Amino acid sequence: MLAPSRDFEVAVLETFDAVKALVKSTFGSSAQVLPFGSFVQGAHLQDSDLDVCIDLPKRSLEGAAQQEVLRKLLGHCGSAPWRVVEARLQKSVKVPIIIVRYTTSDIEVEVDISVGLQCQNLRKDFTDRLVRAVLEDRPMVVDLLRLVKTWARLERLHKAWDGFISSLGWTLIVLFFCIQTKKLDEHRRWSKDSVGFLLAMLAVPEPRRKCNQALIQQHLLEFFVWLSETAKICARGTGKADCALAMSLVEGKLIEVPTDGGAPPIFVEDPGARVFKSTSENVARSARASCWDVVLQRAQAAQQRLRAQERGPACLDSWLAQLPRPAPAPSPEAPQAPGAAAPKAAGKRPAAFGAPRNVRPRVACKWFMIGQCWDGANCP
C-alpha cells in the first residue's frame, strides 16, 4: 500500500548515480557519496526525498568548510537536468544542506545534500540500517508506516525545519507503537550485528503485493488512539525537572532520561545513538510544544474520521481523500516578487511529486549561490 511505482524507483537509482558523478566531477574521484534516510530504510514514499551526504577524504569538513563545499557544488547544479530548490547555508543552520532536483527522462527527484559521513560521532545511515533490519519481512508494518507518513505529510506535520517531527521521527514512533502493541517483537534486533553495511546501499524495490485494508485500517485507528494516550503519559512526566519520559525502541518501553533545560514536548530516543554510543539522544529535539499540540489535534481528528468511515475496501482511500492536499508550488514561468502574497491554491488537485512532468530548468542567481538572495527559495 502506497508503495512507490517502479518508474520512480528506477528514477531514484538513476538520480543517485547522477549525484555520484556530479560530486566526483566536482571534487575528484576520491570523493564519496553515502545515501541515508527513508530510501535506506526501505520505507520511502512515491515522493520521498533522496538524502545523501558527501565526504572528501584527507580534507577537514568542519564548520565553514561544509558551506564552502556545498557552494562549490551549487555552481554545477544551475542547469538541466539539475535545478536548485533551496540552500540552507546560514551560519545559524546546524547542518548545512542544499536541496536540488534532478530530472530523468520524465520524473523529477528531489535530493537533499549535506557534507560529512557522520553527525555527532554517528554514521548518518546507522539508524536507517537498524530500521531496515527490523522492517525486513514485515510488510504489514511497512504499510502502516507509509500510511502514517502520508498522513503526516498531507497534514504538513513532517518538517523538523518547521518545528514538527521529521520523517525519521515518525518512523521510530510507528515502530515503537508496533513494539508496544506486540505487532513487532523486534527490539531485540537493535544491535550492531543487524546493521549489515555490506548490503546494497539503497533498499531493493519490493515486489508488488496486496494488503489487508481492513486490518490496516484497524491498526491505523489503534495508532492514533495510542499516540494520544502515550502523549498524555509523557506530558505527566517523571516528577523531576531535569528528566523526561522517552520512547525507547531498544528497551521497548518508556524510559526516564536526563534532559537539559526542562522536558521536551516529545522525546523519541535514537536507537542508533543508543546502540553505538550508549547515549539517549532525541530524534524529535526540533519539535516545539505548540507544534506538538497541533500534531495531537490532527491525530484526534484522524481518529474521528476513521471511526466515521464505513468499513470496506474503499475506506482507507476515502479517508486519505479527505486529508488536505499541499498547495502547488509557484509556476517557474511566473516567479513571485519579493514580499508578494502567495497565490491561492487552485481548485485542481496538484500532481503528486515524483509524477511525470515537463519542467523548464531555472538558473539561480549568484546571490542564491552564496545564501544571500532576498527571494530565498523562490529564486530565480
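How far apart should the ends of the 20-residue helix H9 be at 1.5 Å a residue, and how far apart are its end C-alpha atoms? The expected span is 28 Å and the end C-alpha atoms are 29 Å apart, which agrees. Welcome to this predicted model, a chain with 11 helices and 9 strands. Of its 380 residues, 49% are buried. The points below visit one helix, a set of paired strands and one charged residue.

**The chain overall**
- Take the contacts between residues at least 6 apart in sequence: 65% of them join residues at least 24 apart.
- Buried residues account for 49% of the chain, and its secondary structure comprises 11 helices and 9 strands.

**Helix H9 and its two sides**
- Helix H9 covers residues 289–308.
- Its buried residues are Cys291, Trp292, Val295, Ala299, Ala302, Gln303, Arg305 and Leu306.
- These residues lie on the same side of H9, because they cover an arc of only 170° around the axis.
- A helix can gather residues in this way because an α-helix has 3.6 residues a turn, so positions three or four places apart point the same way.
- On the face turned away from the buried side of H9, you will find the exposed residues Gln297, Gln304, Arg307 and Ala308.

**Strand E4 and its partners**
- Strand E4 runs through residues 97–103, and 6 of its 7 residues are buried, so the rest of the structure largely encloses it.
- E4 is joined to strand E3 (residues 82–88) by 6 bridges, and the two run antiparallel.
- To find this pairing in the structure, look for Arg83, which stands opposite Arg101 in E4.
- E4 is also joined to strand E5 (residues 108–115) by 6 bridges, again in an antiparallel arrangement.
- Here a handy landmark is Ile98, which stands opposite Ile113 in E5.
- The link from E4 to E5 is a hairpin of 4 residues.

**Asp51, a buried charged residue**
- Asp51 belongs to strand E2, which spans residues 50–55.
- Which side chain of opposite charge is nearest to Asp51, and how far away is it? That side chain is Lys159, 8.5 Å away, and Asp51 has no salt bridge although it is buried.
- Setting aside neighbours within four places in sequence, Asp51 is in contact with Leu34, Pro35, Phe36, Gly37 and Asp112.
- One of these contacts, Asp112, falls within the residue range 108–115 of strand E5.

Notes: Residues numbered from 1 in each chain as written. Predicted model: local features only at pLDDT ≥ 70, side-chain atom pairs only at ≥ 80, totals over all residues. Heavy atoms only, no water. Expected span 1.5 Å × (residues − 1). Buried < 20%, exposed > 50% of the residue type's maximum accessible area, 1.4 Å probe, protein only. Arc of directions from axis to C-beta. Lys, Arg positive; Asp, Glu negative; His and termini not counted. Salt bridge = Lys/Arg side-chain N within 4 Å of Asp/Glu carboxyl O. Contact = heavy atoms within 4.5 Å. Pairing = 2+ DSSP bridges.
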